[in-house]
Amino acid sequence: MLESTRYIPDESTMLRFGKKLAENILQVQANRAVILYFNGDLGAGKTTLTRGMVQGLGHQGKVKSPTYTLVEEYNVAGKMIYHFDLYRLADPEELEFMGIRDYFAKDCICLIEWPEKGEGLLPPADLSVNIDYYDDARNITLIAQTTLGEQILRQL
Ligand code: ADP
Ligand code: MG
């Protein structure tokens, strides 16, 4: 599968990269939910990258971490973006109660932090985004998991 690594020296580069990534997702004809998994330790920059994506598509307000709400939703550029953070999920069954399947049935973009906490109840990722950090610098490794993911990566 296609894979690409990016060096991100600072936060503003991370935000710009998020904008480009989101624009690429919009350009790909999906007709179904596009699923991204974000992996990396606390503070790696998963939420910062999603903020770059959501604001990069034109969202004017804040993008806060959905650590307590599990999901925040945005309607931007004619698309619904669902940003999940499953860090505090105690039991994947909670996802059933919140009607998680309905989210993935739509033509939307789903950005999922801590996907391993929802194992078994999440659809497979189109793109895995792995973030490693040292001080302010980050290395992002993007791994396409589907042909749709490959299309997104190819233009990046
Ligand atoms: P996560 O969601 O992975 O826990 P956050 O995005 O909430 O991480 O936090 C990342 C923190 O690291 C923020 O405080 C951000 O300002 C800081 N930071 C410093 N350098 C970078 C960088 N290059 N990319 C992203 N975040 C950075
Ligand atoms: Mg986060």
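Here is a short chat about this predicted model and its magnesium site.

Q: What holds the magnesium ion (ligand 2)?
A: T47 (OG1) and E113 (OE) coordinate it, at 2.1 to 2.2 Å. Donors here are N, O and S atoms within 2.8 Å of the metal (3.2 Å for Na, K and Ca), and water is not among the atoms, so sites may look incomplete.

Q: Where do T47 and E113 lie?
A: T47 is in helix α2 (residues 46–56) and E113 in strand β5 (residues 109–113), so the pair ties together parts 66 residues apart in sequence. Helices (H or I, at least four residues) and strands (E, at least two) are DSSP runs, numbered from the N terminus.

Q: Are those two buried or exposed?
A: Both T47 and E113 are buried. Buried means under 20% relative accessible area, exposed over 50%, partly exposed in between (1.4 Å probe, protein chains only).

Q: And how many residues of α2 are buried?
A: 9 of the 11, so α2 is largely enclosed by the rest of the structure. Among them are K46, L49 and V54.

Q: New topic: how many helices and strands does the protein have?
A: It has 5 helices and 7 strands.

Q: What share of the 156 residues is buried?
A: 51% of them count as buried.

Q: Any fine print on numbering and cut-offs?
A: Residues count from 1 along each chain as its sequence is written, while chains are lettered from A and ligands numbered from 1 in the order in which they are written. In this predicted model local features need pLDDT of at least 70, side-chain atom pairs count only at pLDDT 80 or more, totals for chains, interfaces and linings use all residues, and side-chain values use heavy atoms, with hydrogens and water left out.
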